[in-house]
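Trainee: I've got a model open and want to talk it through with you. Can we start with the terms and then go feature by feature?

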Amino acid sequence: MNKDYRYQLESKRLTGHQPRKLTCPQCGRRKCLVRYVDTRDGNQYVADHVGKCDHQHSCGYHYTPSDYYRDNQWAREHAATTLQPATPPAPLPPFQPLDMQYVRRSHSPQSTLWQWFTNDVAKRLSLSADDVRRVYHDYQLGATRRSDVIFWQIDRQGQVHGGHIMQYHADGHRGGYQGWVHVPLIRAGLLPVDWTLYQCLYGEHLLSHYPDRHVCLVESEKTALIMAAVRPEHLWLATAGSGGLSPERLNALRGRRVTLFPDSGCYQKWARQMQLTTGILYNLSPRLECYRPNTDLADLVLGEAQPP
């Protein structure tokens with residue numbers, strides 16, 4: 001094991017014990033996330049979501065220490081004042097937006113998720129055709145050839161940061177596959193091999209379209225879509241994962257009134273993360289804490305929320 005690398009994936013050879021694997025924040029499978037440890041700090045974990053999923057092909061989640069310190073400036077500054085790495089970290093590649101043509105080409109209602117939305121959710125919640133059409137166009141929903149949905153992350157300047165591909169079943173529940181649009185583009189030679197994903201909030205581009213709306217922030221992109229149809233007087237954005245609440249991504253919300261709705265079980269985590277953010281007038285709602293873990297607002301409005 002090369003000790004020149006300060007941050008390494010936990011292994012028995014490195015720590016003397018079997019890795020303590022956690023639930024993957026992307027695919028949701030238990031005991032499959034191997035975390036990174038800091039070899040210069042007694043093999044302490046960097047953070048519970050900084051690691052690599054065992055399911056490389058069906059999930060592919062890999063959130064590295066460099067990703068974490070890029071998204072969390074406070075943590076990078078803390079690490080710099082405690083222990084220095086053996087070698088200076090390589091500079092991160094500059095942000096390179098994806099061509100908007102990919103968004104336009106994929107814009108389609110043929111994903112399984114959107115079919116469920118139009119055929120099931122719209123009827124259950126008595127949504128009008130205009131409500132459904134507005135959400136579809138506002139969030140520029142895409143679909144792959146095999147009917148997986150593409151959630152495009154576009155910033156307030158109209159730059160495309162990435163496309164989150166997710167598989168859903170006909171009942172609106174998630175399937176096993178998740179991925180990103182840039183992966184096949186790199187394989188096809190349409191993007192450089194060092195192209196780096198810099199995520200932004202899902203729906204961020206709508207901030208300039210609706211400058212006076214109160215912003216509501218949830219975790220799931222699907223939840224943002226449902227709430228945008230049900231409560232259109234607010235602007236609904238999503239972090240695209242519980243680890244997406246970083247100060248860098250939240251910069252886009254400066255000057256806006258924001259209410260955050262963490263999934264049940266995530267209230268304290270979001271509270272700690274928001275303490276690191278300045279310049280945002282926000283309210284953190286504990287509304288979902290009385291339900292089973294991982295319950296979100298979509299479960300509530302669809303009548304699927306269950307008590308603990």
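Mentor: Sure, burial first: buried means under 20% relative accessible area, exposed means over 50%, and partly exposed is in between, using a 1.4 Å probe and protein chains only. By that scale Cys290 is partly exposed, with a relative accessible area of 47%. Keep in mind that this is a predicted model, where local features need pLDDT of at least 70, side-chain atom pairs count only at pLDDT 80 or more, and totals for chains, interfaces and linings use all residues. Residues are numbered from 1 along each chain as its sequence is written, and side-chain values use heavy atoms, with hydrogens and water left out.

Trainee: Got it. How many disulfides does the structure hold?

Mentor: The count is 0, where a disulfide is a pair of cysteine sulfur atoms within 2.5 Å. For Cys290, the nearest cysteine sulfur belongs to Cys266 and is 15 Å away.

Trainee: And why is there no bond for Cys266?

Mentor: Because the closest cysteine sulfur, in Cys24, is 14 Å from the sulfur of Cys266, which is too far. Cys266 is buried, with a relative accessible area of 12%.

Trainee: Switching to the sheet. What's the strand order in the open sheet of 4 strands?

Mentor: The order is E11-E10-E12-E13, and the pairing is parallel. Strand E11 (235-238) and strand E13 (281-284) are the edges, each pairing on one side only. From one strand to the next, the twist averages 25°. On terms: helices (H or I, at least four residues) and strands (E, at least two) are DSSP runs numbered from the N terminus, and two strands pair if DSSP finds at least two bridges between them.

Trainee: How many bridges are there between E10 and E12?

Mentor: Strand E10 (residues 215-218) and strand E12 (residues 257-260) pair over 3 bridges. Cys216 has Thr259 in E12 as its bridge partner.

Trainee: Which strands does helix H10 touch?

Mentor: Helix H10 (residues 267-274) packs on the sheet and touches E10, E12 and E13, with contact meaning heavy atoms within 4.5 Å. The direction of H10 makes about 165° with that of E13. Axes here are lines fitted to C-alpha atoms, for helices over the stretch in contact, and angles run from 0 to 180 degrees between N-to-C directions.

Trainee: What about H8?

Mentor: Helix H8 (residues 221-230) lies across E10 and E11, and runs at about 175° to E11.

Trainee: Does H6 come into this? Which helices do the buried residues of H6 pack against?

Mentor: They pack against helix H5 (112-124) and H8. The buried residues in H6 include Val132, Val135, Tyr136 and Asp138. Just after H6, Gln140 takes a positive phi of about 50°.

Trainee: Where does Gln140 lie?

Mentor: Gln140 lies in the loop between helix H6 (129-138) and strand E6 (142-143). At 21% relative accessibility, Gln140 counts as partly exposed. Lys31 also has a positive phi, about 50°, although it is not a glycine. Lys31 is in the loop between helix H1 (12-15) and strand E2 (33-38), and at 60% relative accessibility it counts as exposed.

Trainee: Now the rings. How many aromatic pairs does a search of the whole structure find?

Mentor: There are 7. Rings of Phe, Tyr and Trp (its six-membered ring) pair if their centres lie within 6.5 Å; planes under 30 degrees apart count as stacked, over 60 as edge-to-face and the rest as tilted. Phe95 and Tyr198 form an edge-to-face pair, 6.3 Å centre to centre with 90° between the planes.

Trainee: What does the pair tie together?

Mentor: Phe95 lies in the loop between helix H3 (73-82) and helix H4 (100-106), and Tyr198 in the loop between helix H7 (182-187) and E10, so the pair ties together parts that are 103 residues apart in sequence. Phe95 is partly exposed at 29% relative accessibility, whereas Tyr198 is buried at 14%. Elsewhere, ring pairs link Trp114, Phe117 and Tyr136 into a cluster.

Trainee: One last spot, Asp155. Buried or exposed?

Mentor: Asp155 counts as buried, at 4% relative accessibility. Asp155 lies in the loop between strand E7 (149-154) and strand E8 (160-168). Leaving aside residues up to four places away in sequence, Asp155 touches His161, Cys200, Glu204 and His205.
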